[in-house]
Amino acid sequence: MPPIEHWRSWPVSDVVIDSSVAIAWVLEDEPAHKHAMRFMDALGDGTLDPVVSGHFRFEIRHALVRAARRGRVDWADLPTLLAALDALEARTAPLSDADAPVLELAQNHQLTWSDAHWVETAIRYDLPLVTADLRLIRSVPDDVAILVDVRGVAA
Amino acid sequence: MTATLALSVPEAAARLGRSERTIWRQIRSGELHTQREGRRVQVLLEPERAWPALPVPRGTREAAVPYGTQDDWQVGRWPYTTEIVERHRVAKLARRRAAMETIKELSRRTRPDPDGLTGLDYIHAERDHPRALEGSDAADRALEELARERRRDR
């Protein structure tokens with residue numbers, strides 16, 4: 001019987017993508033929109049494979065409901081938009097059962113629980129976290145986790 | 001108004017990126033609606049849920065789609081031959097590209113925020129002001145305050 005991991009023989013690089021990148025895909029006026037779209041193309045050709053944290057669905061839906069309430073997106077477009085985001089088939093990393101690593105990140109780097117959980121996911125799977133959130137990038141040193149600005153990835 | 005699609009279970013599995021086993025489970029739980037045509041069960045899907053997938057050859061249908069969201073790491077039944085793995089990958093990328101086109105098309109229809117707020121501001125409002133700790137309208141109030149600041153700065 002072949003080793004299970006050997007079926008992944010094509011060149012794919014997994015990356016954790018947070019909600020700030022997804023919202024930049026959706027809203028054309030976002031400062032990082034153009035870069036995020038170029039980055040998305042890399043997901044379409046299989047160069048990169050997206051991983052999201054368990055609270056991604058919650059965060060992106062919250063943000064899109066706000067966008068609709070503020071007139072940026074038509075309410076009628078939301079179901080299709082959410083279905084399309086789901087259809088990107090990003091793998092969902094479950095939220096950590098252990099509070100300690102998340103709390104440690106929150107305490108040491110002044111992060112919110114959500115921010116800390118994104119970073120914890122990247123650390124747990126030993127993957128880079130691609131984000132459009134400069135505040136988060138500035139808060140976390142490179143020796144803790146690799147956070148990559150989406151503007152730089154797609155440059 | 002777009003018409004509902006009536007698909008066989010293997011077709012629905014390929015379109016939704018789920019295994020046939022998952023489709024049957026969702027039918028049993030009532031999550032997916034069906035109709036009968038003679039002895040055949042057809043899954044009824046709204047077009048926006050059914051992403052175009054590559055044709056899946058008979059006999060390898062189960063292996064050509066991922067096993068639900070938790071099982072995306074797998075490619076289906078053993079043996080994991082190169083052919084099956086590649087077919088799985090190509091089908092998944094085709095579904096992903098179709099979804100990307102939809103996102104691109106809909107993003108062109110979005111508009112600027114009236115106060116210059118960004119989507120990241122919306123996300124920060126939720127992250128920084130969790131309703132469990134600060135009340136149900138805490139994020140709304142924070143965002144409104146930020147909007148006032150942006151208006152003042154203009």
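**Exercise 1. Which residue is the bridge partner of B:Glu37 in S3(B)?**

Some ground rules come before the solution. This is a predicted model, in which local features need pLDDT of at least 70 and side-chain atom pairs count only at pLDDT 80 or more, while totals for chains, interfaces and linings use all residues. Residues are numbered from 1 along each chain as its sequence is written, and chains are lettered from A and ligands numbered from 1 in the order in which they are written.

Solution.
Step 1. Strands here are DSSP runs (E, at least two residues), and helices are DSSP runs too (H or I, at least four), numbered from the N terminus.
Step 2. Find B:Glu37 and look across to S3(B): the partner is B:Arg40.
Step 3. S2(B) and S3(B) make a hairpin with two residues between them. In its turn, B:Gly38 has a positive phi of about 65°.

**Exercise 2. Work out the strand order of the sheet in chain B, and find its edges.**

Solution.
Step 1. Count bridges; two strands pair if DSSP finds at least two between them. S2(B) and S3(B) are joined by five bridges and run antiparallel. S1(B) and strand S3 (residues 40-45) of chain B are joined by three, again antiparallel.
Step 2. Check two facing pairs. B:Leu7 stands opposite B:Val43 in S3(B). B:Leu5 stands opposite B:Leu45 in S3(B).
Step 3. Put the strands in order. The three form an open antiparallel sheet, S1-S3-S2 in chain B.
Step 4. Name the edges. Strand S1 (5-7) and strand S2 (33-37) of chain B each have a single partner strand, so one side of each lacks a neighbour in the sheet.
Step 5. Add the twist. On average, neighbouring strands of this sheet are turned by 35° against each other, direction ignored.

**Exercise 3. Describe the largest nonpolar core.**

Solution.
Step 1. Define it. A nonpolar core is a set of buried Ala, Val, Leu, Ile, Met, Phe, Trp, Tyr and Cys residues joined through C-beta atoms within 7 Å. Buried means 20 or more other C-beta atoms within 10 Å; exposed means 12 or fewer, and partly exposed lies in between, with C-beta atoms placed from the backbone.
Step 2. List the members that touch the most others. Of the 54 residues, these are A:Val21, A:Ile23, A:Ala24, A:Ala36 and A:Val119.
Step 3. Find the main contributor. H1(A) gives the largest share, six residues.
Step 4. Follow A:Val21. Leaving out residues up to four places away in sequence, its contacts include A:Ala36, A:Phe39 and A:Val130. Contact means C-beta atoms, placed from the backbone, within 7 Å.

**Exercise 4. How many residues does each chain bring to the contact?**

Solution.
Step 1. Chain A brings 45 residues and chain B brings 37 residues.
Step 2. Sort the side of chain A that touches chain B: 22 nonpolar, 10 polar and 13 charged residues. Nonpolar covers Ala, Val, Leu, Ile, Met, Phe, Trp, Tyr, Cys and Pro; charged covers Asp, Glu, Lys and Arg; the others, Gly among them, are polar.

**Exercise 5. Is A:Val144 buried or partly exposed?**

Solution.
Step 1. Locate A:Val144: the loop between helix H7 (134-139) and strand S5 (147-149) of chain A.
Step 2. Count its surroundings. A:Val144 has 15 other C-beta atoms within 10 Å, so it is partly exposed.

Note on methods
Axes fitted to C-alpha atoms, helices over the stretch in contact; angles between N-to-C directions. Contact = placed C-beta atoms within 7 Å.
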